[in-house]
Every structure is written in C-alpha cells, then in structure tokens.
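Reader: Hi! I'm new to this one, could you walk me through it?
Author: Happy to, let's bring it up.

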Amino acid sequence: MSAIKPVMKVAEKEVQGWIKSGLRDFSISRASVDWGIPVPDDKTQTIYVWFDALLGYISALSDDQEQPDLLNAVSSGWPASLHLIGKDILRFHAVYWPAMLMSAGLSLPKMVFGHGFLTKDGMKMGKSLGNTLEPNDLVNKFGTDAVRYFFLREVEFGNDGDYSEERFINIVNAHLANTIGNLLNRTLGLLKKNCQSTLVVDSTTAAEGNAFKDNVERLVDKARVHYENLSLSSACEAVLEIGNVGNSYMDERAPWSLFKQGGFVAIEDKQMPKQDFSLMLEQDLSDTKWGGLKGGQVMAQPKPVFARIENQTEVEDKGVAVGKNVKGKGKLKQAQQVAGA
C-alpha cells in the first residue's frame, strides 16, 4: 500500500506500533465455531470470519461463472485504488489483509482510508437510546443534495462528526440556498428579464481580461485537488467560495442598474461570465471550463436549485404571527362595527 489515510499521526503510529511489536502468523481457521464455513478435510475447523470477509474484495470481481477463477477475478479490477473503511477495523485492513495478499503473490490496494464515527446531538447513537439516524428518512425529508453536502462539509473526512437537525438546516440554508442557489437564480433571472434568457456574446469573449474568471478557475482547481486527496470538507469550502466570489462580483457590478440606465453594451463583458459559472454549478468538476457558452444560446429558466428549509421554530413563529394577525383584524372589525352603531 502506498498510503494509509487519514494521514493523521495517530493512525500511522497505531499501525506502525502493531508492526514493530512483532508480526506473527495468524490462523485462518477457528475451532468450535459451528456457524462458519467448514475447512475442507477438517470438520473440526471453520474459516476465520475475517479471512473470508477480506477475500470478498476479490471474489466480488468474479463474473457470474459456475466455477469462479482467481486469475479472472484479479484481472477484472484488482488492485483496488481505495479501501474506504471504518477506523475500528483498521488492523484487519492495514495488517492482516496485506499479509494475506503478499502470501498469495497479489498486489496490495493503493490506499486505505479509515473514516470516523457519527454521533447525534452530541450523543452516541443506539437503539436503546432511540436516537438512531435513518439515512433514507433523512434523504426523503431533505433531499439527496442537502444530505450529501452537510456530511461532506461538516464532517471532516477521517474524523468523528456530529449531526443535529438545527445545524443541518442552518448550514444547508446558508451555503446551498442563500449562497450558491441565490447566485444561480439571480443571474438567470436577470438574463430572463433583460435578454429573454439569451446570451448576447460568447462566454470566452465576455471573460477576456476579467479577474472573476481567474478567481473561479483557481478555486475549481483547488476543489479538484482536495477531492483527489479525499479532503472533501475542504473541497466543499472551495466550491462555496466560488459562490461567495460570484455574489460579490454581482454586487460590485450591479448589472441591474446598468440595464435601467440603458447601458447594456457596457456590461456585455462583465455580466456574461456569470452564465458560465451558472453552468458550472450543474456540471462535474472534471468537465468544468470556460468558453462552453455561445452567443445566441438560450439559458434555463430561473428556478430554485436548492430550496430553503424551514425549521419547526420558524413554522411555529409564522403560525403565531398569522394567528395574531387574524385576531387583530377581528378586533378591528368589531371596533368598526361599534363605531358604526
């Protein structure tokens, strides 16, 4: 293996400690375990559960053959580029598994990454506490984009993390709805209102000599590097910064004012790069580049890409406000009736 990640000294020292303490042979079978896979020619022994489990990484590569073949399985995708595991099973993947592979003359996986644990509201989750977090329920309630973003952004990959619904809603609203979603929506809205959603010039021409383009390209490269290094929280920060830079650019240029003044020509080379950024938000980073939008191209209609989530407190406050408003109108009507009498 070329690396064990996260590259935190704790994990490295732990694995090195196991190795320095002295490596010993370990048995691939166990006695008196009746639920295991029997060892051929020895009914008193069953296959060690971790030996069988780890082999699944390779056996899973086998085609649907009547008789699986090791060479065919290995040629179908081994070695793995990444083993993503829970940090509590690091020993099996960083010591036992490499020993098994080396004994068989097979290549080692290129990287092992041990992720952390997740708590809820600062507490360990458990059925007895009744505080488990069901992923499907979370996705059904808030959507896949919001769930993915929160855990990638707020839980630094490799470390432990915590989930609370209040923080979840605050982060999603601030980052996705208010920053990225707002930038895309206000840009397409401006284009629709003043240009019938049609680009007037090529994005390449519009971006010439524009510092905004350079800033975005730098941040895209930064995000890409973080993704490749599995620094996913940092990658999210770079993407969010693109949204902040875009919104600042809009505020500084104030193209809506120029439109009102009839200065459309003056903003052709200032506002159009924003459309390229809008497209970038909907694309994979690997396919993100300037110059893809051409003059005359009709852009999508403005619509919220990330809906703002209302927490229960906001809903209740609105309900109280509506109730007070209704009561206020009722009292006013009664007073008018009395005055009329």
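**Confidence and a small sheet**

Author: This is a predicted model, and the protein averages a pLDDT (the predictor's confidence in each residue, from 0 to 100) of 79. In it, 79% of the residues score at least 70.

Reader: Where is the pLDDT below 50?

Author: That is residues 264-285. Beyond near neighbours in sequence, this stretch has 70 contacts (heavy atoms within 4.5 Å) in the model.

Reader: Any ground rules for the numbers?

Author: Residues are numbered from 1 along each chain as its sequence is written, and side-chain values use heavy atoms, leaving out hydrogens and water. Local features need pLDDT of at least 70 and side-chain atom pairs count only at pLDDT 80 or more, while totals for chains, interfaces and linings use all residues.

Reader: Thanks! In what order do the three strands of the open sheet come?

Author: The order is E2-E4-E3, with antiparallel pairing. Strands here are DSSP runs (E, at least two residues), numbered from the N terminus, and two of them pair if DSSP finds at least two bridges between them.

Reader: Why is one side of E2 and of E3 left without a neighbour?

Author: Because E2 (29-31) and E3 (38-39) stand at the edges, each with a single partner strand.

Reader: How many bridges join E2 to E4?

Author: Three, with E4 covering residues 42-47. Arg30 stands opposite Thr46 in E4.

Reader: And which residue of the E3 and E4 hairpin takes a positive phi?

Author: Asp41, near 70 degrees; the hairpin has two residues between the strands. Two bridges join E3 to E4, and Val39 stands opposite Asp42.

Key: Helix = DSSP H or I, 4+ residues; strand = E, 2+ residues; numbered from the N terminus.
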